[in-house]
Structure formats: structure tokens, C-alpha cells
Amino acid sequence: MKFRTRSSAIIGTISLIASLALTTAAAEEPRGPRPAADVALTEVAKAQNPIAGAAGPRGTVWIAERAGTVRVLTDRGLSAPVLDISAETTTDGERGLLGVAFDKRFAHFYISYTDLEGTSTVDEIALRNGKLQPSTRRTVITQTQPYENHNGGDIKFGPDGYLYIALGDGGAGGDPHGNGQKLDTLLGKILRIDPAGGKYIGKPYAIPKSNPFVADPNARDEIWAYGLRNPWRFSFDSGTGDMLIADVGQSEWEEIDWASARSKGGENYGWASMEGTHPFRGGTEPANHVPPVFEYDRTGLGCSVTGGFVYRGTAIPALRGQYLYSDYCDGTVRTLQMRNGKVTGQSDLGVSNGEVISFVQGGDGELYVLAIGGSVSRIDPA
């Protein structure tokens, strides 16, 4: 994916999202029912290339800016930076500060970024009374990247208390190293680790014993799921614990994958043998392929799916239980109605926020939409 923006100052530096897909074609306009709810986008702040966010302590929302700063959302907009790693990362290609997360007790803050050499890195910083303690910062996990694109970089804590990390296939186009289907690399995967458990064994992190490949000597123990091209954004349904992964396509298909909260891991989402439900460049569908629950082609305006969250807030009752997502090139906020891992309906909410790069879920379940051009907007009832 490469970022497009409306600011000439940004054009020269942002190339993140549209290069996740090597062509600029687009998403078919879903011909679903009338809007699932009457909503509006309320701009609550302006940021410098906002790219990710997380619900913080005491009901706050923390917003990450791609160049390496993190700010706290207040009633008056964004605070001064509470963290600045801009000297430690770079925004060439699809690099930068890419993801942030808190553990369940808000005892630690995690940042996912590419360092100056392009290595994917996840660091941990302790909090005290809701404030970061920079002296406690430590590196949890790293992964070298062969190319500048398809870094992934999203991080989330699951309902089980473990840290999940999304990594793309390493970049270029068409997965030239076959990383998506290889189990001896972390690239093209969702990882699952225990950062807190590492201190008991003298390592940066521990491997949950229930990870699906811990008994396989030919596989990396950290792997939870594989066969992913660039899982730019993923989330857990705070109501059910189900996982939803928006995996950016190569040239024709964007996909959304789903895994039940009861999953034991090990899902193979098919890349690079498959792009969505379609064989990629003559590939053969793996016997254990888990097809997406939803896909769309690029005959419309989209080019790169931006995954969101299942809405569990209270401000818009008609949206409860629906999965919200968008597309970087299209910018329209859409929903999927789902039941038991099956899409039962889809809707266009009739609102757009430009180049939508990410969604953020507040502690109250309300959702925010980030546009790489700078807008931080809350989804409100119309």
C-alpha cells in the first residue's frame, strides 16, 4: 500500500497503504441494504499522519502518528507528545510507527515500529499512574524485513491476555520468498506471545504452551495463524472474543478473515497460493485453506482494505454487533452483519473520511476513524 494524501507536504513522504496492493484498482460498491444506522463523522482532532490508536488508562484514547509520536486525545484535541521515537524510525516505503497497544491492566504500553534499518520491532514501556516510564523501555521482539513494504505492524492484546502481532509477508510483490506458506519464518503471520512471561525464564517473552505449532520442530513457536499477505489491521470482538483480520490483496481481491474465539490457532488463510477465494497466479488451494468470510474486488473505487472493529458501544444501538471497515482509496465506512462466522448482510453507512488508514476503539466501545491526511473523527449518531 502507498499512502495518498491531499497535502503536498505529505505526498513526498507517505507511501504506505496503496503499495500494500501493487495496482490501484478498487473495491466493488457493495449492493447491500439501506444504511444500517444513521451516523455522522465528528472530527475531534487533527494529527500529523495519524496511523493507529488504543484505549488508554482512565478512559483516554492514545493516538500514534506515523513519524513516531504518540499523543493523548482530550476534549481540546491532542496533547503534546507523551512519546517521541521519531529519531528511531523512518517513513520511507511503508515504514514508521505502525501500531500501539496496552495490556489489560494498563501496566505496560507497547509500540510496534520499523527501526532505522527497517526491522519490525515491538517495545514495551511501563506505566505508573497512567504515565509512561521511559527508563523501563525494552525490546520484546524483532523481525528483519527484506523489503520496505508489507510490514503489517498491528498489535493487540487478545481476551486471553496474550499479545498478538501481525506481520506481512516481507514485501515486494507476489510473495517472492514464499513466506506466507512457510512455517519457519514469522513473516506473513499472526504471532501470539506472552511478554510478561518472559521475565520468569530470562527471555524477552514466553511462548504460550497452547500455541498451535509448539510441538513442530520445523515451525516457529510464535505463530498463531499464517498464509497472510499484509494483515494491516486486525481486531478482537470485545463482545465475543472472535478475531477479524483485514488482509490487503495483491491485485484483484481484498479480504476479511474470521476466527472464532474458540479457535486453537493454526489457520491457513491461503496466501500466496490464494488471493481471497481465488487461486493466485495458478496456485493450488491448500487443503487446510480457511477462506475469507468476505471479499471484494477492485472494479470500483477501493484498493486496500482497512479493517476496523465490531461495534460494541452504546451511542448507536442499531450498529451493535456489526463489523465496521473501510478502504484506503475509497474511504467510505461500511459494515458487515455476521452470525457464527457467516456474513448475513452488508451496508454502506454513507460517510467517508478520506484515506482511511485505521480505526480505534475507545474504552467505552465507541469507534474513531483515522485518515492519514490528519483527521481523527468519532462515529456518532446523526
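**Exercise 1. Place A272 and describe the bond before it.**

Solution.
Step 1. Find the loop. A272 sits in the loop between β17 (253-259) and β18 (274-275). The model is a predicted one.
Step 2. Look at the peptide bond. W271 and A272 are joined by a cis peptide bond. Its omega is about 5°.
Step 3. Set this against the usual case. Most peptide bonds are trans.

**Exercise 2. Find two residues with a positive phi, and say for each whether it is buried or exposed.**

Solution.
Step 1. Recall the background. Most residues other than glycine have a negative phi.
Step 2. Take R58. Its phi is positive, about 60°, although R58 is not a glycine. R58 belongs to the loop between β2 (50-55) and β3 (61-65).
Step 3. Check the surface of R58. The relative accessibility is 68%. The cut-off for exposed is over 50%, so R58 counts as exposed.
Step 4. Take D175. Here phi is about 55°, again positive in a residue that is not a glycine. D175 lies in the loop between β12 (163-167) and β13.
Step 5. Check the surface of D175. The relative accessibility is 5%. Buried means under 20%, so D175 counts as buried.

**Exercise 3. Work out how R137 and D123 pair, and what their pairing ties together.**

Solution.
Step 1. Start from the principle. Side chains of opposite charge can pair when their charged atoms come close.
Step 2. Read the distance. The closest N and O atoms of R137 and D123 are 2.9 Å apart. A salt bridge needs such atoms within 4 Å, so R137 and D123 form one.
Step 3. Place both partners. R137 lies in strand β10 (residues 131-143), and D123 lies in strand β9 (residues 120-128). The pair therefore ties together parts that are 14 residues apart in sequence.
Step 4. Check accessibility. R137 is partly exposed, at 25% relative accessibility. D123 is buried, at 2%.
Step 5. Widen the view. E88, D123 and R137 are linked in a network of salt bridges.

**Exercise 4. Describe two further salt bridges, then give the count for the model.**

Solution.
Step 1. Take R334 and D330. Their side chains meet in a salt bridge, with 2.9 Å from N to O. R334 is buried, with a relative accessible area of 3%. D330 is buried too, with 12%.
Step 2. Take D380 and R378. The closest N and O atoms of this salt bridge are 2.7 Å apart. D380 is buried, at 14% relative accessible area. R378 is partly exposed, at 27%.
Step 3. Give the count. It comes to 14 salt bridges.
Step 4. Look at the charges behind them. The protein chain carries 37 positive and 44 negative side chains. The centres of the two sets lie 5 Å apart.

**Exercise 5. Which residues does N211 touch, leaving out those up to four places away in sequence?**

Solution.
Step 1. Locate N211. It lies in the loop between β13 (189-193) and β14 (223-226).
Step 2. Check its cover. At 3% relative accessibility, N211 counts as buried.
Step 3. List the partners. N211 touches R192, D221, E222, I223 and W224.

**Exercise 6. Locate P317 and relate it to K203.**

Solution.
Step 1. Find the loop. P317 lies between β21 (305-306) and β22 (323-327).
Step 2. Check the surface. P317 counts as exposed, at 60% relative accessibility.
Step 3. Go along the chain to K203. P317 and K203 are 114 residues apart along the chain. Their C-alpha atoms are separated by 45 Å.

**Exercise 7. Sum up the fold, and decide how the protein chain compares with a globular protein of its length.**

Solution.
Step 1. Count the elements. The protein chain has one helix and 27 strands.
Step 2. Compare the radii. The radius of gyration is 19 Å, close to the 21 Å that the globule rule gives for 382 residues. The protein chain is therefore as compact as a globular protein of that length.
Step 3. Add the box. Along the principal axes, the C-alpha atoms fill roughly 55 × 50 × 40 Å.
Step 4. Look inside. Of the 382 residues, 60% count as buried.
Step 5. Look at the contacts. Take those between residues at least 6 apart in sequence: 58% of them join residues at least 24 apart.
Step 6. Finish at the surface. The accessible surface comes to about 14,800 Å². Carbon and sulfur atoms hold 49% of it.

How values were computed:
Residues numbered from 1 in each chain as written. Predicted model: local features only at pLDDT ≥ 70, side-chain atom pairs only at ≥ 80, totals over all residues. Heavy atoms only, no water. Helix = DSSP H or I, 4+ residues; strand = E, 2+ residues; numbered from the N terminus. Buried < 20%, exposed > 50% of the residue type's maximum accessible area, 1.4 Å probe, protein only. Rg over C-alpha atoms; globule rule 2.2 N^0.38 Å. Contact = heavy atoms within 4.5 Å. Areas by Shrake-Rupley, 256 points an atom, 1.4 Å probe, with all protein chains shown as cover. Lys, Arg positive; Asp, Glu negative; His and termini not counted. Charge placed at Lys NZ, Arg CZ, Asp CG, Glu CD.
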